[in-house]
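Visitor: I would like a close look at one part of this model, and then at what surrounds that part. Please take it step by step.

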Amino acid sequence: MSTSNGALTRRPEMAGRTRANGEGSIFPYRNGFGAYVWVRTPTGDKKRKYVYGKTRDEVHDKWVKLHQAAKAGPVATAVPRLDEFLQYWLTEVIKPNRAPLTFVNYELFVRLYIIPGLGDRRLDRMQVRDVQSWVNKIPSICQCCAQGKDERRASKDRRCCARGACCGESPSSRTVSDIRACLRSALSHAIREELITKNAAALVTLPTVRKRKHRAWSSDEVRRFLESARDGADPMYAGYVLAVVLGLRKGEVLGLTWDAVDFEARELRISHQLQRASGALLHRETKTAASDDTLPLPEIVVAALVRRRQQQDADRRALGSGWPPGGLVFTTKFGAPVDPRNFNRSWDRRLSKSEVRKITVHDARRSCATLLADLGVHPRVIMRILRHAQVGVTMEIYTQASSKATQAALIRLGESLDG
């Protein structure tokens, strides 16, 4: 402002100003206050980033934090919709940094459930009640109808939605829990990128999931099953032995290579697995470092692996020079890896031939733990054999007292109380 003699004077409020150029300012906005700070965006542009609040002190605190964020690095000025963020999260965060099967599962959850239900919402406007309502609806949505499965079938094979008779193919409680876990993981990453401050998916209530009780084999059932496979010259016999005796997972059995087997030292090194992901078979490292270990080989395992090597050598000679490299223990007659689904089929066929109770391949791992527990093996030793990170997992999930052991324990209790 100029005076009568032409000299310039400063307004009192400007005289006390200490903010440098580009620091932004706080100003009245609607029923409260707003503020902005000039920030560098992830794309390298310089833009204003705004914050709002009901009181000046509230906005001032946000303004200070925004200044700190701007000094630390790039700051996003626009909050994307959930579907936009999920595509970025899957492509740039999950795919390059997680196991291929994890990406496949997350991509399926995002495409079939999360985007159709919540994809059009802005990240910072998602409320707990919105996610809760969405979670509550998932078990009531027939996925055959929602995904148009029946419409893609041949006319003669249509059996439900396309014929006006819904089959009610809705996700289980476990699947609902996995879908929520996927969304929670994505929103946790959004918090790390400072796009949002609260994870709405972490605060919802899920239905109680009752875990299926798995029944383990008795030692007699294991013996009958393995004898049937051995006497029938089953090419997967050694794989069955590894699953039941050493408790190996299916992927670890099929990913085993001959250079991991030391016949002289009678040891087996577990470090790789075979997985099917995105239509391809992948020979890769085990899921976690805790899964890697070296285990001693009992005589039954050594004999089974020697028999397996003889079978494979015969297949190699029959094929000739076309045998592919790789060194896998379990291969087809043409040297190709054994698909995990085909291993399941072989397992089921052998169950039928041996006439034992039907259990899954993974239940064989549980049977290993249960039989060891019945023999009085210490839980820490069982934990080492199964390669669990926590002994609680070994005891609570995998070991089940057999009916014979339970009967003996109750008899001893009764005898101790019988006067």
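Visitor: Is glutamate 355 buried or exposed, and what is its relative accessible area?

Guide: This is a predicted model, in which local features need pLDDT of at least 70 and side-chain atom pairs count only at pLDDT 80 or more, while totals for chains, interfaces and linings use all residues. Residues are numbered from 1 along each chain as its sequence is written, and side-chain values use heavy atoms, with hydrogens and water left out.

Glutamate 355 is exposed, with a relative accessible area of 64% (buried means under 20%, exposed over 50% and partly exposed in between, with a 1.4 Å probe and protein chains only). Glutamate 355 sits in the loop that joins helix 13 (340-354) to helix 14 (361-374), where helices are DSSP runs of H or I with at least four residues, strands are runs of E with at least two, and numbering starts at the N terminus. Its phi is positive, about 55°, although the residue is not a glycine.

Arginine 30 can be read alongside it, since this residue, also not a glycine, has a positive phi of about 50°. Arginine 30 belongs to the loop between strand 1 (25-29) and strand 2 (32-40), and with a relative accessible area of 76% it is exposed.

The helices that flank glutamate 355 lead inward, for helix 13 and helix 14 each supply at least two residues of the largest nonpolar core, as do helix 9 (219-231), helix 10 (237-245), helix 11 (250-254), strand 5 (267-270) and helix 12 (299-319). Such a core is a set of buried Ala, Val, Leu, Ile, Met, Phe, Trp, Tyr and Cys residues joined through side-chain atoms within 4.5 Å. The core has 41 residues, of which Trp217, Leu242, Leu268, Leu305, Phe330 and Trp347 touch the most other members, and helix 10 gives the largest share, 7 residues.

Helix 10 is itself mostly covered, with 8 of its 9 residues buried, namely Tyr237, Ala238, Gly239, Tyr240, Val241, Leu242, Ala243 and Val244. These buried residues pack against helix 9, helix 11, strand 5, helix 12, helix 13 and helix 14, and after helix 10 comes glycine 247, with a positive phi near 70°.

Phenylalanine 330, when neighbours within four places in sequence are left aside, is in contact (heavy atoms within 4.5 Å) with residues including Ala238, Gly239, Leu242, Val253, Leu254, Arg308 and Gln312. Leu254 is also a partner of aspartate 339, whose contacts, under the same exclusion of sequence neighbours, are Leu254, Arg276 and Leu281. Aspartate 339 lies in the loop between helix 12 and helix 13 and is buried, with a relative accessible area of 9%.

Apart from the largest core lies another, of 32 residues, among them Val93, Leu118, Val135 and Ala201. For a helix pair elsewhere in the chain, helix 3 (residues 82-97) packs with helix 4 (residues 100-118) at an angle of about 175°, with axes 10 Å apart; axes are lines fitted to C-alpha atoms over the stretch in contact, and angles run from 0 to 180 degrees between N-to-C directions. Helix 3 and helix 4 are therefore roughly antiparallel, a label for angles over 145 degrees, with under 35 roughly parallel, 65 to 115 roughly perpendicular and the rest oblique.
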